[in-house]
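Colleague: I should be grateful for a close look at a single part of this model, together with whatever surrounds that part. Please set the account out as one connected description.

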Amino acid sequence: MGCQDRGPIRKGSRGEIASSHGRQPGGRPGKSEPGSFPGSSIAGQRGVVLMIIGLPIPDRRLGGNTRAHHMVLHRIRKEHKLLAAAATRQAMRLLEGQDRNYSGYSLEFFYAVKRRRDVDNLVFATKAYLDGVSAALGQDDSAWDLLGARIRVDKDVHPRMEIQMKRKHEHTV
C-alpha cells in the first residue's frame, strides 16, 4: 500500500472527465469551470458513470484516538456533514438524469508530504462526511460497502480526500 504521486485529474487520465480542483491545465491556480464545484465530478470508467466527491481532509479531532469536548465534536461533525451534503448535491447536478443508486464507495486521501499515516483513523474520521453524502443522496449508508481506502501523495494540490461512489455492477463483493 505504498504512496504514489498523482497530479491533478485531467480529461483523458483513466478515462475521467473531472475538474482539476480549481487549477488550469498547466497546473497553475485558476478559476473553476462555471457551475462546477472544485473536487466534485463525474467520471466514466469502462462505460459506467461513477461520482467523485472531493472534500478537505477530515478534522483530526474526529479520529478515534483523540479526546475533545462533546459539544466541540458535535459542531465539527455538523460542519463536515453539511459540507459533504453540499458537495454531493453539486456533483448530483452533473449527473442529472442518471441513476443514483450506489452500493459501494472507496476513499482516497491526498497529502503533500509522504509520511506514515493511520488509514484506520482516517476512515473513522470520514463518518460525518459519509452521513452528509447519505443525506444528500437519500440513501441509507449502512447498505454501502467500503471498497478500500488509499493514501496518495500529491504535491501540487492542497491536502484533500475523494469519496468515489460506485454502483453494484462495478464491483464484486
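Modeller: The description below starts with the overall fold, turns to one helix, and then follows its surroundings.

This is a predicted model, in which local features need pLDDT of at least 70 and side-chain atom pairs count only at pLDDT 80 or more, while totals for chains, interfaces and linings use all residues. Residues are numbered from 1 along each chain as its sequence is written, and side-chain values use heavy atoms, with hydrogens and water left out.

The protein has three helices and six strands, taken as DSSP runs numbered from the N terminus (helices H or I of at least four residues, strands E of at least two). Along the sequence these elements follow the pattern β-β-β-α-β-α-α-β-β. Of the 173 residues, 43% count as buried, a term that stands for under 20% relative accessible area, with exposed over 50% and partly exposed in between (1.4 Å probe, protein chains only). Contact is taken as heavy atoms within 4.5 Å. Among contacts between residues at least 6 apart in sequence, 75% join residues at least 24 apart.

The part chosen is helix α3, residues 127-137. Eight of its 11 residues are buried, so the helix is largely enclosed by the rest of the structure. The buried residues are Ala 128, Tyr 129, Leu 130, Gly 132, Val 133, Ser 134, Ala 136 and Leu 137. Just after α3, Gly 138 takes a positive phi of about 75 degrees.

What lies around the start of this helix? In the loop between α2 and α3 stands Thr 126, which is buried with a relative accessible area of 0%. Leaving aside neighbours within four places in sequence, Thr 126 is in contact with Pro 58, Leu 107, Phe 109 and Met 161. The C-alpha atoms of Thr 126 and Leu 107 are separated by 9.0 Å, and these two residues are 19 apart along the chain.

Helix α1 (residues 70-94) contains His 80, a residue that is buried at a relative accessible area of 9%. Neighbours within four places in sequence aside, His 80 is in contact with Ala 128 and Tyr 129, and also with Pro 58, Asp 59 and Leu 62. Pro 58 therefore appears among the contacts of Thr 126 and among those of His 80.

Further along α3 comes Ser 134, buried with a relative accessible area of 11%. With neighbours within four places in sequence set aside, its contacts are Gln 139, Asp 140, Asp 141 and Trp 144.

Trp 144 leads on to the one aromatic pair that the structure holds. For such a pair, rings of Phe, Tyr and Trp (its six-membered ring) must have centres within 6.5 Å; planes under 30 degrees apart count as stacked, over 60 as edge-to-face and the rest as tilted. The ring centres of Tyr 105 and Trp 144 are 6.2 Å apart with the planes at 70 degrees, so this pair is edge-to-face. Tyr 105 belongs to strand β4 (residues 104-111) and Trp 144 to the loop between α3 and β5 (145-153), so the pair ties together parts that are 39 residues apart in sequence. Both Tyr 105 and Trp 144 are buried.

Another link across a sequence distance of 39 residues is that of Ser 103 and Ser 142, whose C-alpha atoms are 9.6 Å apart in space. Ser 103 is placed in the loop between α1 and β4 and counts as buried at 8% relative accessibility.

Elsewhere in the model, charged groups sit over rings, which requires NZ of Lys or CZ of Arg within 6 Å of the ring centre and within 35 degrees of the ring normal. Arg 117 lies over the face of Tyr 111, at 3.5 Å from the ring centre. The charged end of Arg 160 is over the ring of Phe 110, 3.9 Å from its centre.

Arg 117 and Tyr 111 are also among the residues nearest the centre of the second largest pocket, together with Arg 60, Arg 115 and Leu 122. The lining of this pocket comprises 16 residues, and helix α2 (residues 119-125) gives the most to the lining, with three.

Conventions
1 Å grid on protein atoms, 1.4 Å probe; cavity = no way out; pocket = protein on both sides within 12 Å on 5 of 7 lines; lining within 4 Å.
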